[in-house]
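Reader: I'm new to this one. Could you show me how to read it, feature by feature?

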Amino acid sequence: MFGENTYDIFDTANKLTSTYGVEYIASDFLTYDTAIEFAQVEDSDNGDFDRIAVSFGLRYEDRSLTARGRVEYRVETADEAASRPDADTVLLSADARYLISDEQRLLFSLDAADTETNEDSLLNGSLVDVSLGYAYRPILNERLNLLTRYRYLYDMYGQDIDGTVETGPVQESHVFSVEGSYDLTRNWTLGAKIGGRYSDSAEDGTMDLESNDAILGVLNVRYDVTQNWDILAEMRRFEAIDAGLSETGFLGVISRDLGKHFKVGVGYNFGSFSDDLTDLTFDDKGAFLNITATY
């Protein structure tokens, strides 16, 4: 059994959350857990509200397969003075990793959500985000790393836009990508990525979806200055086929290893787009912080 209290003062809304749950180890491979959450949220923009959520999860792990899943039902009740409506939300999250061999593995992830409010509001929406990947790293040639991925995104909530409280583009997208890296020498690594997006999108949920296909190409080089420091320079080319838009962008990052499994980097993106083809906002120009953790 477990209990946890969290007070969040750094988000746009302050939250006090209490969580209580039970975990049951059914076997050496399978574990169940269930939890209930009570939260009070102080939101100066849209008004205060209370939240009650119930969730159920499971984990499975053996030599070849590692999988996790969780489903949650959430009820949010707004204060009378709040501008936001009451809302019921169902959330589903799952991921899995299957080892085909020591050199190959399959990766899977799923996130889904559906929200209904007590009034006709743009807060109503649905989200399905599915990703299936194949990773290859030959044992006899550890210089090479390859990842191919297919992603399906159905987002009717609307993407966040930096610096605003309004929701942005909605979309239904199929994204295919292949990326890899190769260690040329002990200090130099060459990387590349190519991806295609086949999608229908709109500026917001009130407009009809229209075709918005695109292609992305990325080429980068990384240099290990010392054992703990490295520098990356990257060139990106983006082509929006239906919109008739093209742009070339450049990016630089300086990173520091903090132990074997943690890396922190700072960089600057000179282009307006990211290397995520489901990002439709073109608001990515500027400085950024990059954190990488492995296990």
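**Reading the rings, the core and the charges**

Author: Let's start with one ring: at 30% relative accessibility, Tyr-32 counts as partly exposed. Keep in mind that this is a predicted model.

Reader: How many aromatic pairs does a search of the whole structure find?

Author: The general idea goes like this: two numbers describe a pair of aromatic rings, the distance of the centres and the angle of the planes. Here, searching the whole structure turns up eight aromatic pairs. Take Tyr-32 and Phe-56: their ring centres are 6.1 Å apart and their planes sit at 25°, so this pair is stacked. Tyr-32 belongs to strand β3 (residues 30-42) and Phe-56 to strand β4 (residues 49-61), so the pair ties together parts that are 24 residues apart in sequence. As for Phe-56, a relative accessible area of 40% makes this residue partly exposed.

Reader: And what is the geometry of the aromatic pair of Tyr-150 and Phe-176?

Author: That pair is tilted, with 5.0 Å centre to centre and 40° between the planes. It links distant parts of the chain, since Tyr-150 is in strand β9 (residues 144-155) and Phe-176 is in strand β10 (residues 170-183), 26 residues apart. Tyr-150 has 26% relative accessibility and counts as partly exposed; Phe-176, at 43%, counts as partly exposed too. Tyr-198 joins in as well: Tyr-150, Phe-176 and Tyr-198 form one aromatic cluster.

Reader: Now the core. Which residues make up the largest nonpolar core?

Author: In soluble globular proteins, nonpolar side chains tend to be buried together. In this model the largest nonpolar core has eight residues in all: Val-175, Ala-214, Leu-216, Val-218, Phe-238, Ala-240, Phe-273 and Leu-277. Two elements, β13 (214-224) and β14 (229-240), give two or more residues to this core, and β13 gives the most, with three. To see the surroundings of one member, click on Leu-277: beyond its neighbours within four places in sequence, Leu-277 is in contact with Val-175, Gly-195, Gly-196, Arg-197, Ala-214, Leu-216 and Phe-238.

Reader: What about charges? How many salt bridges does the structure hold?

Author: There are 13 salt bridges. In one of them the side chains of Asp-230 and Arg-222 meet, at 2.9 Å from N to O. Asp-230 is buried, at 2% relative accessibility, while Arg-222 is partly exposed at 27%. These two also belong to a network of salt bridges that links Arg-222, Asp-230, Asp-257 and Lys-263.

Reader: Are Arg-236 and Glu-234, which form a salt bridge, buried or exposed?

Author: Arg-236 is buried, with a relative accessible area of 8%, and Glu-234 counts as buried at 10%. Their closest N and O atoms are 2.6 Å apart.

Reader: Where is Glu-72 placed, and what does Glu-72 touch?

Author: Look in strand β5 (residues 65-78) for Glu-72. The cut-off for buried is under 20% relative accessible area, so Glu-72, at 15%, counts as buried. Its side chain makes a polar contact of 2.9 Å with that of Arg-74. Not counting residues up to four places away in sequence, Glu-72 touches Ala-53, Val-54, Ser-55, Thr-89, Val-90 and Leu-91.

Reader: One last stop, the backbone. What is the phi of Phe-282?

Author: Most residues other than glycine have a negative phi. Phe-282 is not a glycine, yet has a positive phi of about 55°. You'll find Phe-282 in the loop between β16 (262-269) and β17 (286-293), where Phe-282 counts as partly exposed at 31% relative accessibility.

Notes
Residues numbered from 1 in each chain as written. Predicted model: local features only at pLDDT ≥ 70, side-chain atom pairs only at ≥ 80, totals over all residues. Heavy atoms only, no water. Helix = DSSP H or I, 4+ residues; strand = E, 2+ residues; numbered from the N terminus. Buried < 20%, exposed > 50% of the residue type's maximum accessible area, 1.4 Å probe, protein only. Polar contact = N/O pair within 3.5 Å; in protein donor to acceptor, adjacent residues only side chain to side chain. Contact = heavy atoms within 4.5 Å. Phe/Tyr/Trp six-rings, centres within 6.5 Å; stacked < 30°, edge-to-face > 60°. Core = buried A, V, L, I, M, F, W, Y, C linked by side-chain atoms within 4.5 Å. Salt bridge = Lys/Arg side-chain N within 4 Å of Asp/Glu carboxyl O.
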